[in-house]
Structures are given as C-alpha cells and as structure tokens.
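Let's look at a few labels and ask what stands behind each one.

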Amino acid sequence: MEKFTTHTGVGVPLRRSNVDTDQIIPAVYLKRVTRTGFEDALFAAWRGDPAFVLNQPAYTSGSVLVAGPDFGTGSSREHAVWALKDYGFKVVLASRFADIFRGNSGKQGLVAGIVAQEDIELLWKVLETKPGTEVTVDLVERTATADDVVVRFQIDDYTRWRLMEGLDDIGLTLQHEEDITAFEQTRASWRPRTLPAKHLPTVEIEAARPSA
Amino acid sequence: MAGTLAEKVWDAHLVRRGTDGSPDLLYIDLHLIHEVTSPQAFEGLRLAGRQVRRPDLTIATEDHNTPTLDIDLPIADLTSRTQIDTLRNNAKEFGVRIHSLGDADQGIVHQVGPQLGLTMPGLTVVCGDSHTSTHGAFGALAFGIGTSEVEHVLATQTLPLAPFKTMAITVNGELPPGATSKDIILAIIAKIGTGGGQGYVLEYRGEAIRKLTMEARMTVCNMSIEAGARAGMIAPDETTFEYLKGRPHAPEGADWDAAVEYWKTLKTDDDATFDEEVVLEAADLEPFITWGTNPGQGLPLSANVPVPAEIADENERVAAERAIEYMGLTPGAPLRHIAIDTVFIGSCTNGRIEDLRSVAKVVQGKKKADSLRVLVVPASARVRLQAEAEGLDQIFLDFGAEWRNAGCSMCLGMNPDQLAPGERSASTSNRNFEGRQGKGGRTHLVSPLVAAATAIRGTLSSLADLDLPADVDITSFDGTPLAPLDPRVPLQV
C-alpha cells in the first residue's frame with residue numbers, strides 16, 4: 001500500500017445521503033475476478049445522466065469526494081472501494097460512514113474522513129460555486145482545505161497510522177503468529193470444524209425449467 | 001465483571017488485546033465463503049505465497065450468481081460462469097470444502113451454515129457478505145467483512161477489530177396476528193434509521209423475541225445491517241438448542257453436554273449496561289412495508305405514502321422526494337393501493353422452510369392475481385427438498401407461481417432473475433435500494449405473509465384483506481417451528 005500523507009485534487013460535491021454500495025457499484029459489475037478495472041462501474045446507474053456531477057467537465061477529474069451522510073451503507077462489497085480508487089478518488093469525506101465501507105477503505109488506502117455535516121455544507125458551497133476547486137487533504141493534521149475553508153476530519157488513530165506508513169494488515173497480524181497458535185491450543189472440542197464434512201444423505205436436485 | 005452477550009463472546013476470542021489504540025486481534029471460529037467476494041482474496045494469497053491457515057474452519061458455497069433455472073446446464077452468462085469456476089478452482093487448490101450448484105447442500109451461505117449445524121452459540125462467524133449478521137440469531141458474534149478481510153481470515157484465521165458499542169433492542173409483549181419477525185425488524189429500522197446502528201452490536205431481547213422460532217430470529221438478525229449495525233445477536237435458549245440438536249455438525253455426547261452448559265452462560269448479565277437502549281411494544285406492530293429506496297423508509301401498510309412537504313428535516317425531505325420520484329408514487333396515496341408486478345419470495349431474509357410454509361398456508365387452493373408474476377426461490381437446495389417432501393411446491397405451482405432452484409436470485413439480481421426498468425416488486429428480501437433488483441426496478445420490502453396476500457390481490461395487502469378461515473395457523477409464536485403441512489414428513493432443515 002502506498003503511504004499517504006497529503007493529497008491535493010479536484011473536489012466533487014455529491015449532495016446525496018444514504019449513498020449505498022449498490023449505487024457506488026451495482027451488483028452486475030461484481031462478477032469480475034480481478035482487483036482492478038472497476039472505474040467504468042463507479043456510480044454506473046447515475047453516470048448515464050448528463051446532469052450527474054461526474055459528467056460535468058469541471059468535476060470529471062475529481063479525486064476528493066464530498067458526500068452526504070451515511071455513505072457506503074448496505075452490501076459489504078469491497079468493489080465499492082476499488083471502483084472509487086480505480087476512478088481516481090483518494091479521499092471521501094462525509095459526516096457518517098457505514099462501518100464496513102469505512103473498514104474496507106482503510107484496507108485499500110482510501111481515506112474516509114468524518115467531517116461535521118455543517119462543514120460538509122461549507123465544502124459543498126465552495127465546490128459548487130467554483131467548480132474545479134482543489135481540496136487539500138492533510139492526514140497528518142487531519143484537515144481538508146478548499147479555498148479559504150479549512151475543516152477538520154476524524155479518522156481513527158490506528159487506521160491513520162497504517163495509511164501514513166502504508167502497512168499491510170496481514171503482515172502485521174502474522175507478527176503475532178505464536179499468539180494465534182497458542183490460542184488454537186485452547187479451543188474447546190465442541191467448536192465446529194467443517195472438515196471432515198458431515199451432512200444429510202446426498203439427494204439428486206432436479207433442475208427447475210423456465211415455465212412455458 | 002458483568003458483561004453483555006456480545007462482550008462475552010468477544011472476550012472468549014481475544015488472541016491479543018490491542019494496546020495504544022491498536023485493535024484487538026480476534027480468533028474466527030467459522031469462515032463462510034461464496035463466489036463474489038472471494039476471488040481477489042485467494043489471488044492475494046497466491047501472490048503472497050500464503051496458504052489457507054484453517055481449511056477445517058472454512059466452507060464455501062455458490063449462491064449470489066447462480067441461476068435458479070436449468071442448473072444442470074452450463075451457466076449462460078460467461079462472467080458468472082467464470083466467477084463460479086474460479087471459486088471451484090480456488091476451493092480445490094486450497095483444500096476448502098465447497099457445496100456447488102446441484103449439490104443438496106448448496107444454497108445461500110446464511111442458510112447453509114445453520115442447516116448443517118455449523119452455526120452455533122458463542123462462535124465468531126464471518127463472511128464476505130453483510131447479511132452474515134443472520135447467524136447472530138444463535139448467539140454467535142457474526143458480521144460481514146470486505147474482501148481484504150476475507151484474505152486476512154484465510155491467511156491468519158483472525159481479524160484485527162476495534163471494539164463495538166452495544167445496543168439493547170427490547171421488544172415487549174406479543175405480536176398481534178398477521179405480524180411477523182419481518183415486521184419487527186422493519187419497524188426497528190424505521191425507528192432508528194439506516195445509520196442508527198453504526199458502530200453497534202445490537203442485542204434483541206424481550207418476550208416477543210424469545211417467542212420467535214430460530215428461523216424468525218434469523219430474519220430479525222439478518223437485517224441488523226440495514227440499521228447500520230455490524231451484527232445483531234439473540235441470547236441462546238432452549239429454542240436454539242432444540243434447533244441445533246442432531247444436525248450434522250452439532251456436537252455429540254459429552255461435547256454436546258459441555259457445549260450446552262457453556263451456551264447457557266451466554267446471556268447478558270442482569271447488572272451489565274448497554275451503551276444504548278431502544279424499546280418497542282410488539283402489540284403496536286402491524287404488517288410493515290417500505291415505500292422508499294432505503295430500508296429505513298418504511299411504514300405500516302395501513303399508512304399513506306409520505307408527503308415530503310410535511311417533513312421538517314431537510315435531508316430527509318430531499319431523500320423522500322427523490323425516493324418517491326424513483327418509486328413512481330403519489331404523495332398521500334394509500335400504500336394499499338399500490339399495484340405490484342412481481343412478488344419475490346426468497347433470500348437469506350425469508351427463504352427458509354417456515355417462510356415457505358406460511359406462504360403455502362395462505363395461498364393454498366387459490367390463484368394468483370393475473371396482473372403479476374410470483375417467484376418462489378428456496379434459500380437452499382435442502383429447503384427445496386424439504387418443501388417438495390411436504391408438497392409445498394405443488395401448492396405454489398397450482399397457485400400460478402414459479403418454483404425455482406436455490407440461491408440469492410432476485411434479492412440482488414446478479415443472476416437472470418431481475419426486475420425490468422419501472423417494474424415494481426413486493427419482495428421478502430432485505431434491500432430496496434435503487435436498481436437493487438434490476439436497473440430501474442422498484443422494490444417494496446414485505447413479510448412473507450404480506451407477499452402472499454399481495455400475490456392473491458395484486459396490490460399491497462395483508463392477511464386482514466383476505467377471507468381466511470379463522471383457524472388457519474399461519475405463524476408460530478411459541479418458539480416451536482411451524483409444523484409441516486404434511487405431518488408425516490420429518491423436519492430436516
């Protein structure tokens with residue numbers, strides 16, 4: 001993961017609340033088995049609308065998304081984060097994020113910063129009156145700056161540290177492999193194992209057919 | 001020290017407590033896998049030269065992408081077929097148990113775990129799917145994770161997690177006739193909002209919850225995520241033990257006794273405190289439906305479409321205006337007048353045998369409305385077999401419904417089961433987001449009973465709108481499963 005300290009890029013005002021991950025990337029795009037190449041799928045249902053913010057030339061190259069409350073609700077699909085990143089977004093700012101989306105962002109190096117709703121409104125105002133305005137996001141200071149508006153954002157200390165150091169979670173956990181092995185020794189025998197497999201007798205499943 | 005159910009399960013899985021703001025490291029008892037959120041995780045393992053640490057705590061099935069027709073033929077959609085093939089190849093390469101299309105244990109991952117007896121009280125259960133909260137019905141701490149976390153669990157059988165806050169949701173009293181566990185959870189989400197549970201593990205308590213069957217409890221916990229919560233839990237009790245006993249992977253002999261003894265300790269201590277408490281009266285509940293485009297936009301069926309001008313909060317007003325426009329509704333019009341094109345009965349929320357039984361009892365001997373189509377999709381192949389053994393399939397076919405093979409199906413429309421633009425559904429699933437069931441599709445979330453009544457009348461309806469004999473036992477409110485329609489058939493799912 002790349003280290004993140006500051007980023008400056010065009011801010012995109014997304015004046016919608018409850019932007020769920022089905023809107024960020026519809027399910028039909030989840031069939032791919034790769035981790036990249038999802039930029040075309042981002043906000044797919046809205047991209048067909050010429051009035052949609054990313055279709056306006058001033059915002060097309062945006063990299064800092066400023067969204068309404070409850071961003072990233074719904075499905076756990078990490079594809080939502082991949083699509084935002086593949087499009088070019090480095091930062092999403094909102095007053096509230098769904099937990100899973102926020103977690104996924106942290107794993108993928110996308111900064112999900114929590115900004116008070118009144119400060120989101122200030123940013124929207126700047127970005128809408130002067131389309132194409134750049135926003136500088138400083139992870140060290142936890143501030144986002146657009147023109148003369150400076151707002152603070154929250155991000156938990158651990159995620160911030162990992163993003164700034166560009167650290168990989170699995171590597172960090174495996175430093176404690178001895179602890180994991182020790183824990184496994186204490187696991188009660190009633191706790192389930194999937195192998196060897198046990199199940200009811202196998203039965204032929206008849207295929208349903210299209211009705212006439 | 002006094003603790004809540006969630007805290008007890010959490011503490012029992014601590015591999016390492018975090019220091020200086022770093023998260024705790026939690027051991028994961030059961031990792032469920034499906035085709036959509038796992039390919040990139042296995043690819044990550046391969047690139048790093050890592051193995052699956054505990055294939056014996058991992059199980060895969062195919063559900064999101066799978067067709068519900070012609071399952072014996074090659075999957076027509078090539079990208080779907082590639083994704084399924086990728087899962088099969090990964091399972092083979094890494095030694096993971098898989099239940100593929102055509103196998104009697106294939107089905108929606110959140111039905112497969114419980115029916116095999118793998119889901120138990122006191123476990124940590126994860127899956128790359130937000131509806132993993134379903135397993136909390138057993139008193140397990142179960143939650144959805146992203147693909148990076150799937151890879152993390154595959155490689156280490158642990159997850160670094162920051163502690164959750166706890167919220168008690170108490171539902172007092174008894175449900176009135178015609179109301180179900182689906183109505184409980186839709187009412188809860190409407191009350192606390194889609195973000196109300198953010199950062200929390202919910203614990204459902206109270207008399208109305210205790211009286212629910214395991215299947216009905218799963219419906220409640222399933223939709224915890226729609227309130228923004230990572231997980232929802234219900235303390236295990238005799239209903240839980242009764243459901244588990246004798247299932248293929250349930251503990252046996254001395255293990256069973258030790259397990260039950262431990263499971264009985266898994267309840268919130270009387271002097272424990274929750275960070276937040278919410279109380280509902282079951283007697284106030286009635287059949288509940290969603291009118292908008294998020295699961296918090298719900299109302300009793302007897303209500304009218306909201307009038308945005310009457311909503312004080314600006315964000316809510318704008319969201320309501322947008323939702324009403326997308327849904328093609330008239331502000332102020334009765335919800336009961338809304339005509340439906342498709343009734344979908346299925347999903348990890350309401351595709352279980354008890355759901356199918358209750359629908360069959362309502363539609364038995366009747367014909368569906370001519371104006372709509374009805375899709376019945378069992379949650380798993382075993383549920384399908386059970387339903388067929390009880391003759392439910394024939395009741396549905398005689399009614400004019402389509403009887404399909406198991407899978408996620410129209411809940412999210414990744415397979416060919418989709419709504420057309422502008423088509424309107426009454427769906428027993430869990431999400432009414434824009435385009436969720438097909439681009440331009442309009443979804444009303446409903447209980448199986450409302451789905452059944454709607455299928456008969458053609459407009460959103462409840463049992464009260466039907467001429468049902470007074471003695472028909474539609475739902476069970478005493479913790480015992482709704483009996484099979486044919487009493488000679490043993491219960492297997």
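Here are some questions and answers about this model. It is a predicted model, in which local features need pLDDT of at least 70, side-chain atom pairs count only at pLDDT 80 or more, and totals for chains, interfaces and linings use all residues. Residues are numbered from 1 along each chain as its sequence is written, while chains are lettered from A and ligands numbered from 1 in the order in which they are written.

Q: Why is G413(B) called buried?
A: A residue is buried if 20 or more other C-beta atoms, placed from the backbone, lie within 10 Å of its own. G413(B) has 22 such atoms within 10 Å, so the label buried applies.

Q: Which residues is G413(B) in contact with, leaving aside its neighbours within four places in sequence?
A: Two residues are in contact if their C-beta atoms, placed from the backbone, lie within 7 Å. By that rule the partners of G413(B) are A27(A), Q418(B), L419(B), Q437(B) and G438(B).

Q: Which residues are buried in helix α15 (residues 392-399) of chain B?
A: They are L392(B), D393(B), I395(B), F396(B) and F399(B). Helices (H or I, at least four residues) and strands (E, at least two) are DSSP runs, numbered from the N terminus.

Q: What makes these buried residues lie on the same side of α15(B)?
A: The arc is that of the directions from the helix axis to the C-beta atoms. Here the arc is only 160 degrees, so they are on the same side of α15(B). These residues pack against α13, β16, α14 and β17 of chain B.

How values were computed: Buried ≥ 20, exposed ≤ 12 C-beta atoms within 10 Å, placed from the backbone.
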